[in-house]
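I opened this notebook to record what I looked up in one structure. My topics were the pocket, the backbone and the aromatic rings.

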Amino acid sequence: MSSNSLKKISLSLAVFAIILLLYLFARDWIQSIDIAISQWVIQFRNPILDPLFLLITKLANAQFIIFFIVIAVIVMAALFKKPLRAVMYGLSIAFGNLVVNPTIKNIILRERPEESLRMVYEASYSFPSGHAFASAMIYPLIANFLIRYTALGRYPKLVYATTNILVLLIAFSRVYLGMHYFSDITAGLALGYVFYLLTRDLTDIYFNKYLFRKAV
């Protein structure tokens, strides 16, 4: 794993840890900031943006994650002849989004914003945002794969810029819809990005070292 990746992982984990500590030991302070941000964002709701963000937020819900894993494995295996990489990506995505994130939610037990602010009903807890986590992990993996194995590799900056905008829109949608606080989505983005880097780099290490050595 490169020093650059280790620095990004360390920084992202630090962001997650700081937010978690603030929630645990300065709860009233961070809650007041979160509420103020939510109230500011919610004032921009309107008949045009409401359906748009309701659609955008679906791009990282649990049903989408399961659908994505199945389709990604099929496409990567059948079209790109990368079955083992597809399985490793799929298992990592499933573990991060369906095990790690829900477990943290059930340990922290942070309640979502009050029901009067929510545009969507969800029963799970709030911290960290699962949608932010999923988007920060899945879409960079898609971008990385497209840049490596398709003609879009000629335009890496465009691919990553588009990916980053989509990830941020999904995260923002959670505050706009009243489903999460700002600290929830920030923590979710940080932790999801860590899982993206670990998945990408550890998979590469496996292919570049273990399989190469085995072939030799």
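The entries below follow the order in which I worked, and the model I used is a predicted one.

**Entry 1: the largest pocket**

I began with empty space, since rolling a probe the size of a water molecule over the atoms shows where it is left. I noted a volume of about 380 Å³ for the largest pocket. Its lining is made up of 16 residues. I marked A136, P140, N164, L189 and Y193 as those lying nearest the centre of the pocket.

I then asked which helices each supply at least two residues of this lining. They are α1 (3-25), α6 (130-149), α7 (156-176) and α8 (182-215). Of the contributions to the lining, that of α8 is the most, at six residues. Sorting the lining residues by character, I recorded 10 nonpolar, four polar and two charged.

**Entry 2: the loop between α5 and α6**

I next followed the backbone through the loop that joins α5 (83-108) to α6, where P128 is found. The peptide bond leading from F127 to P128 is cis, and I wrote down an omega near -10°.

L109 also belongs to the loop between α5 and α6. I noted that L109 is not a glycine, yet its phi is positive, at about 60°. Is L109 buried, exposed or partly exposed? Its relative accessibility is 42%, so I entered L109 as partly exposed, the class between 20% and 50%.

**Entry 3: aromatic pairs**

I turned to the rings, where a pair is described by the distance of the centres and the angle of the planes. I recorded a count of 10 aromatic pairs.

One of them is F64 with Y139: the ring centres are 6.2 Å apart and the planes meet at 15°, so I classed the pair as stacked, which requires under 30 degrees. F64 is in helix α4 (residues 62-78) and Y139 in helix α6, so that this pair links distant parts of the chain, 75 residues apart. Y139 is buried, because its relative accessible area is 11%, under the 20% limit.

I also examined F133 and F195, whose ring centres lie 5.3 Å apart with planes at 55°, so this pair is tilted. Because F133 lies in helix α6 and F195 in helix α8, the pair ties together parts 62 residues apart in sequence. Both F133 and F195 are buried.

**Entry 4: a cluster and a charge**

Finally, I traced a cluster in which ring pairs link F16, Y23 and F127. Over the face of Y23 I found R27, at 4.3 Å from the ring centre.

Note on methods:
Residues are numbered from 1 along each chain as its sequence is written. This is a predicted model: local features need pLDDT of at least 70, side-chain atom pairs count only at pLDDT 80 or more; totals for chains, interfaces and linings use all residues. Side-chain values use heavy atoms; hydrogens and water are left out. On a 1 Å grid over the protein atoms alone, a cavity is a set of points where a 1.4 Å probe fits but cannot get out, and a pocket is an open set with protein on both sides within 12 Å along at least five of seven lines; lining residues have an atom within 4 Å of a point. Grid points are joined across faces, edges and corners, and a volume is the space filled by probe spheres set on the points. Helices (H or I, at least four residues) and strands (E, at least two) are DSSP runs, numbered from the N terminus. Ala, Val, Leu, Ile, Met, Phe, Trp, Tyr, Cys and Pro count as nonpolar, Asp, Glu, Lys and Arg as charged, and the others, Gly among them, as polar. Buried means under 20% relative accessible area, exposed over 50%, partly exposed in between (1.4 Å probe, protein chains only). Rings of Phe, Tyr and Trp (its six-membered ring) pair if their centres lie within 6.5 Å; planes under 30 degrees apart count as stacked, over 60 as edge-to-face and the rest as tilted. A charge sits over a ring if NZ of Lys or CZ of Arg is within 6 Å of the ring centre and within 35 degrees of the ring normal.
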